[in-house]
Amino acid sequence: MDSIDLKILALLQTDATLSIAAIGERVGLSQTPCWKRIQRLEADGVIDRRVAVLDPVKLGLGLTVFVSIETADHSKDWLERFADTVSAMPEVLEFYRMAGDVDYMLRVVVADMAAYDTFYKKLIATLPLKNVTSRFAMEKVKSTTALPLPAPPTHGRHLPGTAPTLAVVGE
């Protein structure tokens, strides 16, 4: 991955609807090499997917809840059943297994407190849980889907996990 790849990624994180021509123009490439780079980034899994980011409030989903879960059962079977059940709940946007005093953390988006109560009852009915703590967001201060990209490689150094590319000149 080189500085051009990083520029392409920065542009796509900001606006994935940009045309290949527009991206190529901004990074100094013609359309075909630009498209090939994007295809490679997708094939390598660097670009996971391209989506539209929706406004939850405008869709009537104005309540964000961070749910901390502790369990007494840490068996593989329990985890698989819990992960399958929670992953199937559309209100859960993010689901993490944690280190520390909490076993799992969920980010849940619902319309209001009544909708959260319905979700909560469904959650606690799934499998035995030791403790469930809900924290309600009062205000969204920052929200982004753009990852902080590493600085481009300089003077022969390459990003971790990438190999240098060799060019054969004069053949």
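The following conversation looks at how three helices of this predicted model pack against one another.

Author: Residues are numbered from 1 along each chain as its sequence is written. Because the model is predicted, local features need pLDDT of at least 70 and side-chain atom pairs count only at pLDDT 80 or more, while totals for chains, interfaces and linings use all residues, and side-chain values use heavy atoms, with hydrogens and water left out.

Reader: What makes α2 and α3 roughly perpendicular to each other?

Author: The axes of helix α2 (residues 20–27) and helix α3 (residues 31–43) come within 9 Å and cross at roughly 100°, where helices are DSSP runs of H or I with at least four residues, numbered from the N terminus, and axes are lines fitted to C-alpha atoms over the stretch in contact, with angles from 0 to 180 degrees between N-to-C directions. Angles of 65 to 115 degrees count as roughly perpendicular, under 35 as roughly parallel, over 145 as roughly antiparallel and the rest as oblique, and α2 and α3 are therefore roughly perpendicular.

Reader: Which residues make that contact?

Author: With contact meaning heavy atoms within 4.5 Å, α2 contributes I20, A21, I23 and G24, and α3 contributes Q31, C34, W35 and I38. By class, this contact of α2 with α3 has 6 nonpolar, 2 polar and no charged residues; Ala, Val, Leu, Ile, Met, Phe, Trp, Tyr, Cys and Pro count as nonpolar, Asp, Glu, Lys and Arg as charged, and the others, Gly among them, as polar.

Reader: Why is α1 called oblique to α2?

Author: Helix α1 (residues 3–14) and α2 pack at an angle of about 130°, with their axes 10 Å apart, and this angle falls in none of the three named ranges, so α1 is oblique to α2. The contact is made by I4, K7, I8, L11 and L12 of α1 together with I23, R26 and V27 of α2, and these residues divide into 6 nonpolar, no polar and 2 charged.

Reader: How do you know that α1 is roughly perpendicular to α3?

Author: The axes of α1 and α3 come within 11 Å and cross at roughly 80°, which makes α1 roughly perpendicular to α3. Here I4, D5, I8, L9 and L12 of α1 meet C34, R37, I38, R40 and L41 of α3, and the residues divide into 7 nonpolar, no polar and 3 charged.

Methods: Helix = DSSP H or I, 4+ residues; strand = E, 2+ residues; numbered from the N terminus.
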